[in-house]
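I'm opening my notebook on a new structure today. The plan is to jot down what I look up as I go.

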Amino acid sequence: MDAARVPVRDVLPHIVVVGVGYVGLPAAVMWAKAGLSVTGVDIDPSIVEGINNGRHHVTGGELDRMLSDPAVRDHLVGSATPVAGDAFIVAVPTPVDYLTKRPDLGAVEAAVRSICPVLTRGNLVVIESTIPPLTTSGLVKELIERETGLKVPEDILLAHCPERILPGAIEHEIVHNDRLIGGIDDASTQAATDLYATFVKGALIPTSATAAETAKIMENASRDVGIALANECALICEKVGVDASEVIALANRHPRVNILSPGIGVGGHCIPVDPWFLVDVAPAETRLLRAARVVNDEMPKRAATRVRTALNGKRGARVVALGAAYKRECDDVREAPARDVVRLLQATGITVEQYDPLVPGMGYASLAEVAKGADLVIILVHHARIDDDIAAAGGDLPPVLDLDPR
Ligand SMILES: NC(=O)c1ccc[n+]([C@@H]2O[C@H](COP(=O)([O-])OP(=O)(O)OC[C@H]3O[C@@H](n4cnc5c(N)ncnc54)[C@H](O)[C@@H]3O)[C@@H](O)[C@H]2O)c1
């Protein structure tokens, strides 16, 4: 058998994970736990240091626990630069430009470029970052060939294996979710399948790189459109004077209807970003995706209007806002619409104090205490814990406006 075709499980390879954040770190941990030798590479020195000290920089609890496993400590090291290895996993951010909404693949390019000096024949490169369709077979393949003089896939195997983990349930989902394995050819798909089979218990589904890229983004676009429909339903209900929660519950009694919950918008680094990747590659075919983005992006403004209406124009009003994470039961505040609602209110002279019992540094000792004397309590992100705290505060709270009804 050709050296490049040896199943990775037979050679216990060295895995180099480039970008060890929310996505790269859990994967690095899982391979380390499986007994493979793993190097986690990051341009952020504090992350490299954290890995070498067994301490996590992102979520505290969940990944700290994973990192502190002795098997992980023995097999995972942090490094500021890529080292030679057998398989290279790229898990760096893929944002969109703030103004143009065009994909910014600068980090992917930089990460792929950084591994090129250490790539050798027979290596496998996997892009885990969410990327626009045709990026693996286009930009990534061309970059590797140009920088190394090697051919893809004849010399370097290449695949896109997108990630689907849910922050808050990473340890379970990274193992049990089904995973798309989109090789640039069959040998790449096989090598990547062998690599993920070392820890994934869900199905490893072979496909092409472009189908994997497109499917991953369609998953998030589907969530975005579904949420936009729920938000539009809430706006219609407001206009016609009926309760949106009741209308959605009634509609969902239909056996084939499942309208999601409306809220204050869509946050995080994935759902509000990824649909733009499809708009970029197929502008004429993505009218619905663009409309959904517009609807969801307007929700913080509409939520702020509801708060102002509830305050009835009171001058010098003081509001206590509950929830800062980008979604329920999670501590991640990246691109959170709750932050936008708070900013919009503050911009109109309203004093807003924001708390989130799940976000480190944003908790309160007693909700009743922090809400004392406020004109209004608003729920921006309805974590279950907030219900408990409201119940514990009893009748001691000012009026509560729930903008994210459960
Ligand atoms: N967070 C999620 O839940 C999630 C889920 C599925 C897919 N994704 C996708 O995974 C990718 C990574 O997202 P994330 O949430 O892990 O991002 P993150 O910001 O948590 O981590 C990315 C890491 O990459 C590092 N980095 C940036 N450029 C680098 C370079 N050139 N070399 C080495 N390291 C570099 C950053 O310092 C950072 O630590 C994105 O494409 C994202 O859309 C994220």
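These are my entries on the ligand, a pocket, a cavity and one glycine.

**Entry 1: the ligand's neighbours**

Note to self before anything else: this is a predicted model. I started with the ligand and asked which residues come nearest to it. Among the 25 residues around the ligand, the nearest turned out to be Y22, V23, D42, T94 and T130. I then sorted that shell by class and got 15 nonpolar residues, five polar ones and five charged ones. Helix α6, which covers residues 106–115, gives the largest share of the shell, and that share is three residues.

**Entry 2: polar contacts and cover**

Next I looked up backbone atoms facing the ligand's oxygens. V23 has a polar backbone atom 2.9 Å from an oxygen atom of the ligand. For Y22, I noted 3.1 Å between a polar backbone atom and a ligand oxygen. V92 also shows up here, with a backbone N or O atom 3.5 Å from an oxygen of the ligand. How much of the ligand does the protein bury? On its own the ligand exposes 830 Å², and 89% of that is buried by the protein.

**Entry 3: the second largest pocket**

I moved on to the second largest pocket, which has a volume of about 340 Å³. I counted 18 lining residues for this pocket, and A234, E238, A244, P262 and R306 are the ones nearest its centre. Three helices each supply at least two residues of the lining: α10 (209–240), α11 (244–251) and α13 (287–311). By class, the pocket lining has 11 nonpolar, two polar and five charged residues.

**Entry 4: the cavity**

How many cavities of 30 Å³ or more does the structure hold? I found one. The largest cavity has about 50 Å³ of space in it. Its lining is made of P162, E163, R164, E173, I174, N177, D178, R179 and L180. Helix α8 (170–176) and strand β7 (179–183) each give at least two of the lining residues. Sorted by class, the cavity lining has three nonpolar residues, one polar and five charged.

**Entry 5: G35**

Last, I picked out G35, which sits in the loop between α2 (24–33) and β2 (37–41). Why does G35 count as partly exposed? Its relative accessible area is 28%, and the label fits because partly exposed covers what lies between under 20% (buried) and over 50% (exposed). I also checked G35 against S114, which is 79 residues away along the chain, and their C-alpha atoms are 26 Å apart.

Notes. Residues are numbered from 1 along each chain as its sequence is written. This is a predicted model: local features need pLDDT of at least 70, side-chain atom pairs count only at pLDDT 80 or more; totals for chains, interfaces and linings use all residues. Side-chain values use heavy atoms; hydrogens and water are left out. A residue is near a molecule or strand if one of its heavy atoms lies within 4 Å of it. A polar contact is a pair of N or O atoms within 3.5 Å; within protein, one must be able to donate a hydrogen and the other to accept it, and residues adjacent in sequence count only if both atoms are side-chain atoms. Accessible areas come from the Shrake-Rupley method with a 1.4 Å probe; for residues, only the protein chains shown count as cover. Helices (H or I, at least four residues) and strands (E, at least two) are DSSP runs, numbered from the N terminus. Ala, Val, Leu, Ile, Met, Phe, Trp, Tyr, Cys and Pro count as nonpolar, Asp, Glu, Lys and Arg as charged, and the others, Gly among them, as polar. On a 1 Å grid over the protein atoms alone, a cavity is a set of points where a 1.4 Å probe fits but cannot get out, and a pocket is an open set with protein on both sides within 12 Å along at least five of seven lines; lining residues have an atom within 4 Å of a point. Grid points are joined across faces, edges and corners, and a volume is the space filled by probe spheres set on the points. Buried means under 20% relative accessible area, exposed over 50%, partly exposed in between (1.4 Å probe, protein chains only).
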